Structures are given as C-alpha cells and as structure tokens.
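This report looks at helix packing and at pockets. Please keep the sequence and the model open while reading.

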Amino acid sequence: PAFTPAEVAAHTDPAMVPLATVYGEALYGPPGRVDAQRIQTAAQSMSNVEARLLTTYSRPQRIVAWYRPGTILPNWLRRSRNR
C-alpha cells in the first residue's frame, strides 16, 4: 500500500513504468506539471502495455484476470483459503 504507482509498475511489468510515472505526476504533482508531451508518453506506454498483455497472456487468462473470481468469494471462504 505504500508503493508509488511507478514502484508498483516496476514490480508488475517494466512496460508500465512510463504510464505509471505520468499517472503519479498527475495525481500527486503540482498542477500543470503534466503537459501534452507527458500525456503522449502515457498514451504510448498504454498502447505498449496493451500489446504486451495481448501477446503474453491467452484470452482465457485475460478473461479470468478481468473478472478476478476470487474477489466475489464470500469473506469466510476467502479467509479460509488464505490460511
């Protein structure tokens, strides 16, 4: 929970770092820090990440990740599975 967006991205997939960096600047930085060039960097990073995800994970894996079935389990079952 204490990681910055860029730190989470670096641990998840380095392709996400430029997007997460611009996101962090927009969210936590001073107003006006994110200019058109930084937005273009974020957009290009997003395209790169999408392409990478499409080639790294199969369609069924992406569907499961999208819905994350574990998040709809009852609390008592989630607790028992974490033991």
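What follows covers two helix pairs and then the largest pocket. The model is predicted.

**Helix pairs**

Two packed helices are described by the angle between their axes and the distance between the axes. The table gives both values for each pair.

| Pair | Crossing angle | Axis distance |
|---|---|---|
| α1 and α2 | roughly 165 degrees | within 8 Å |
| α2 and α3 | about 140 degrees | 8 Å |

Take α1 and α2 to begin with. Helix α1 spans residues 5–12, and helix α2 spans residues 17–28. Angles over 145 degrees count as roughly antiparallel. The axes cross at roughly 165 degrees, so α1 and α2 are roughly antiparallel to each other. The crossing of α1 past α2 is right-handed. On the α1 side, Pro5, Ala6, Ala9 and Ala10 make the contact. On the α2 side, the contact residues are Val17, Ala20, Thr21, Tyr23, Gly24 and Tyr28. By class, this contact has eight nonpolar residues, two polar ones and no charged ones.

Now α2 and α3. Their axes pack at about 140 degrees, and the pair is therefore oblique. The crossing of α2 and α3 is left-handed. From α2, the contact takes Pro18, Leu19, Thr21, Val22 and Glu25. From α3, Arg38, Thr41, Ala42, Ser45 and Met46 take part. The contact of α2 with α3 divides into five nonpolar, three polar and two charged residues.

Thr21 appears in the contact of α1 with α2, and Thr21 also appears in the contact of α2 with α3.

**The largest pocket**

What volume does the largest pocket have? The value is about 360 Å³. Its lining consists of Met46, Val49, Glu50, Leu53, Leu54, Tyr57, Gln61, Arg62, Ala65, Trp66 and Arg68. Two elements, α3 (36–56) and α4 (59–67), give two or more residues each to this lining. Helix α3 supplies the largest share, five residues. By class, the lining has seven nonpolar residues, one polar and three charged.

Met46 links the two topics. This residue of α3 is part of the contact with α2, and Met46 also lines the largest pocket.

Note on methods:
Residues are numbered from 1 along each chain as its sequence is written. This is a predicted model: local features need pLDDT of at least 70, side-chain atom pairs count only at pLDDT 80 or more; totals for chains, interfaces and linings use all residues. Side-chain values use heavy atoms; hydrogens and water are left out. Axes are lines fitted to C-alpha atoms, for helices over the stretch in contact, and angles run from 0 to 180 degrees between N-to-C directions. Helices (H or I, at least four residues) and strands (E, at least two) are DSSP runs, numbered from the N terminus. Angles under 35 degrees count as roughly parallel, over 145 as roughly antiparallel, 65 to 115 as roughly perpendicular and the rest as oblique. A crossing is left-handed if the near helix is turned anticlockwise from the far one by less than a right angle, and right-handed if clockwise. Contact means heavy atoms within 4.5 Å. Ala, Val, Leu, Ile, Met, Phe, Trp, Tyr, Cys and Pro count as nonpolar, Asp, Glu, Lys and Arg as charged, and the others, Gly among them, as polar. On a 1 Å grid over the protein atoms alone, a cavity is a set of points where a 1.4 Å probe fits but cannot get out, and a pocket is an open set with protein on both sides within 12 Å along at least five of seven lines; lining residues have an atom within 4 Å of a point. Grid points are joined across faces, edges and corners, and a volume is the space filled by probe spheres set on the points.
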